[in-house]
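Welcome! Here are a few short exercises to work through with the structure in view, each followed by a worked solution.

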Amino acid sequence: MVTVETPASFQWNDTNSHWVKNYLMPKSDLLTTLTDGIDLDLNDMSEDKFKQLCQLLETSAEGRELRNKMFKAWRSKKSRDSDNGKKLFTFNLSIKAGEQLKKVAKQAPLNQTLEALIFAGNTSSKNDEKLQQQLKQCKIENKRLQQQLNDVLQKTQTVDDDAEIESLINSDLQVTELAKLEKSKLIKQILMLKRKN
């Protein structure tokens, strides 16, 4: 296994020393075997003792593996801690879906592409709701305008009918012409004649 050097960003402080202690405690039996019984107190470990432990772990394959795993785990923890507002998700995708995601992503990182797709769907549903509300308002306005148009058409029709009847009266229509009129027009004609008399 390749040796992992002490990360340059790893500094011995209270937080990291506490993390090392918690990481190594469950592995104390392995540590005892690897350190050949050297008195190693994990509860009271200084930076110098930690460096000595790392050097001692370098002397065997199992020790290097433990040291490498420890620093990989520390890097993972550091990465998780620094990802403000983010969380690691692991899930399976079909090969076809993965290939399609890569095509959609083009040169962008896959995680950014997934976020964009997810939030685009959210934005789309909000836009759908907004459009549905606008459609509903348009339908209400359409009904109102149709009613106004019908009212205007009825008034216009009444005015046209009245004007036609008036012209018929003025031209001294014969009874035969009155008989040709529709029933409603005939009634209006009679009423108009009564008004004039």
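Of the 197 residues in this chain, 19% count as buried. Keep in mind as you work that the model is predicted.

**Exercise 1. The overall build**

Find out how many helices and how many strands the chain has, and in what order the elements run from the N terminus.

Solution. Start by counting: the chain has eight helices and zero strands. Next, follow the elements from the N terminus on, and you will read α-α-α-α-α-α-α-α. Finally, look at the contacts between residues at least 6 apart in sequence: 55% of these join residues at least 24 apart.

**Exercise 2. Two helices that meet**

Work out how helices H1 and H4 are oriented to each other, and which residues make their contact.

Solution. Begin with the axes. Helix H1 covers residues 14–24 and helix H4 covers residues 61–82; their axes come within 11 Å and cross at roughly 130 degrees. Now place that angle: over 145 degrees would count as roughly antiparallel, and 65 to 115 as roughly perpendicular. The two helices, H1 and H4, are therefore oblique to each other. As for handedness, the crossing of H1 and H4 is right-handed.

Then list the partners. H1 contributes Asn16, Trp19, Val20, Tyr23 and Leu24, while H4 contributes Leu66, Lys69, Met70, Ala73, Trp74 and Lys77. Sorted by character, the residues of this contact of H1 with H4 are eight nonpolar, one polar and two charged.

**Exercise 3. Thr113**

Decide whether Thr113 is buried or exposed, and find what its side chain reaches.

Solution. First locate the residue: Thr113 lies in helix H6, which spans residues 110–170. Second, check its accessibility. The relative accessible area of Thr113 is 8%, and buried means under 20%, so Thr113 is buried. Third, look for its polar partner: the side chain of Thr113 reaches the backbone oxygen of Pro109 at 3.1 Å. Last, leaving aside residues up to four places away in sequence, Thr113 touches Leu101, Val104, Ala105 and Ala108.

**Exercise 4. Lys106**

Find where Lys106 lies, what its phi is, and whether Lys106 counts as buried or exposed.

Solution. Start with position: Lys106 lies in the loop between helix H5 (95–105) and H6. Next comes the backbone: Lys106 has a positive phi of about 55 degrees, although it is not a glycine. To finish, take its relative accessibility, which is 69%. The cut-off for exposed is over 50%, so Lys106 counts as exposed.

Notes: Residues are numbered from 1 along each chain as its sequence is written. This is a predicted model: local features need pLDDT of at least 70, side-chain atom pairs count only at pLDDT 80 or more; totals for chains, interfaces and linings use all residues. Side-chain values use heavy atoms; hydrogens and water are left out. Axes are lines fitted to C-alpha atoms, for helices over the stretch in contact, and angles run from 0 to 180 degrees between N-to-C directions. Helices (H or I, at least four residues) and strands (E, at least two) are DSSP runs, numbered from the N terminus. Angles under 35 degrees count as roughly parallel, over 145 as roughly antiparallel, 65 to 115 as roughly perpendicular and the rest as oblique. A crossing is left-handed if the near helix is turned anticlockwise from the far one by less than a right angle, and right-handed if clockwise. Contact means heavy atoms within 4.5 Å. Ala, Val, Leu, Ile, Met, Phe, Trp, Tyr, Cys and Pro count as nonpolar, Asp, Glu, Lys and Arg as charged, and the others, Gly among them, as polar. Buried means under 20% relative accessible area, exposed over 50%, partly exposed in between (1.4 Å probe, protein chains only). A polar contact is a pair of N or O atoms within 3.5 Å; within protein, one must be able to donate a hydrogen and the other to accept it, and residues adjacent in sequence count only if both atoms are side-chain atoms.
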